[in-house]
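Colleague: I'd like a close look at one part of this model, the salt bridges, and then how they sit with the rest of the fold. Could you walk me through it?

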Amino acid sequence: MTAKTMKIFVFILSVSVLLRGATEAPHIKAATVAYEDGKAAQHEKNLQGAVNSFRKAIDVEPTFMEARLALIGVHLESGHRLEAAAAITQLLEIDPDAAHYRIVLGQILLEQKQPERALAQFSFILKTDPYNADALLGFASAAKQTGMEGRASAALELGRKHYPLDDRFTTVPSALKHD
């Protein structure tokens with residue numbers, strides 16, 4: 001490669017980097033503005049406005065995690081648990097290790113009488129964090145509802161061993177009691 005060819009190559013590369021940066025800035029700015037509008041609407045208790053703004057931010061930038069988390073929060077705050085579950089499912093496609101939201105999804109699935117799907121959520125967490133207290137409790141509840149009483153009892157026993165002061169393991173909820 002000659003010196004002249006090298007200079008042309010560096011020039012073209014520099015221009016492309018500059019142009020790329022120029023096109024991304026408005027994109028990110030639009031997502032940030034929509035997110036800030038959503039936070040303002042949420043603060044004003046305009047939950048539908050917040051939902052719309054957070055969705056707009058996500059549409060502009062699908063990996064905008066803060067907007068996704070805020071959208072989930074607004075849905076939960078407004079009692080729209082099925083919408084929250086849908087938003088959590090989308091979040092988990094991007095961040096499958098978001099244990100807190102996987103637990104919330106499992107709890108919503110239990111509420112919706114879908115214990116098999118809930119069991120899958122709690123099991124996913126327990127594969128990497130076998131002593132996660134919330135996942136153990138959720139797993140026990142889902143296992144009981146699917147007729148796996150032995151697995152439910154084993155999860156509760158594991159919880160009692162690792163969390164002896166956690167009342168949730170010493171006082172068995174009625175959903176987990178044997179009939």
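Modeller: One cut-off first, since we'll lean on it: a residue is buried under 20% relative accessible area, exposed over 50%, and partly exposed in between. Keep in mind that this is a predicted model.

With that scale, D134 has a relative accessible area of 34%, so D134 is partly exposed. D134 forms a salt bridge with R168, and their closest N and O atoms are 2.5 Å apart. D134 belongs to helix 7 and R168 to helix 9 (residues 167-170), so this pair ties together parts that are 34 residues apart in sequence. R168 comes out at 36% relative accessibility, which makes R168 partly exposed as well. There's a third player here: D166 is linked with D134 and R168 in a network of salt bridges.

While we're at helix 9, have a look at T170, which also has its place there. T170 is partly exposed, at a relative accessible area of 46%. Its C-alpha atom is separated from that of G159 by 9.0 Å, the two residues being eleven apart along the chain.

Now for the other bridges. The structure holds six of them, and two more deserve a visit. E77 and K45 meet through their side chains, at 3.5 Å from N to O. K45 sits in the loop between helix 1 and helix 2, while E77 lies in helix 3, so the bridge ties together parts 32 residues apart in sequence. On the accessibility scale, E77 is partly exposed at 39%, whereas K45 reaches 60% and counts as exposed.

Then there's R81 with E111, whose closest N and O atoms are 2.7 Å apart. Here R81 comes from helix 4 and E111 from helix 5, so parts 30 residues apart in sequence are tied together. R81 is partly exposed, with a relative accessible area of 27%, and E111 is partly exposed too, at 42%.

E111 brings us to helix 5 itself. Helix 5 has 13 residues and reaches 18 Å from its first C-alpha to its last, close to the 18 Å expected at 1.5 Å a residue. Its buried residues are Y101, R102, I103, V104, L105, G106, I108, L109 and L110. As for what they pack against, it's helix 3, helix 4, helix 6 and helix 7. Just after helix 5, K113 takes a positive phi of about 60°.

So much for the bridges; next comes the core. The largest nonpolar core has 46 residues, and Y35, F54, I88, F122 and F139 touch the most other members. At least two residues of this core come from each of helix 1 (3-43), helix 2 (47-60), helix 3 (65-77), helix 4 (81-94), helix 5 (99-111), helix 6 (115-128), helix 7 (133-145) and helix 8 (149-162). Helix 7 gives the most, with eight residues. That's the helix that also holds D134, the partner of R168 in helix 9.

F139 is a good place to finish. If you leave aside its neighbours within four places in sequence, F139 is in contact with L119, F122, S123, L126, R151 and A155. One of these contacts, F122, is also listed with F139 among the residues that touch the most other core members.

How values were computed
Residues are numbered from 1 along each chain as its sequence is written. This is a predicted model: local features need pLDDT of at least 70, side-chain atom pairs count only at pLDDT 80 or more; totals for chains, interfaces and linings use all residues. Side-chain values use heavy atoms; hydrogens and water are left out. A nonpolar core is a set of buried Ala, Val, Leu, Ile, Met, Phe, Trp, Tyr and Cys residues joined through side-chain atoms within 4.5 Å. Buried means under 20% relative accessible area, exposed over 50%, partly exposed in between (1.4 Å probe, protein chains only). Helices (H or I, at least four residues) and strands (E, at least two) are DSSP runs, numbered from the N terminus. Contact means heavy atoms within 4.5 Å. A salt bridge is a side-chain nitrogen of Lys or Arg within 4 Å of a carboxyl oxygen of Asp or Glu. The expected span of a helix is 1.5 Å times one less than its number of residues.
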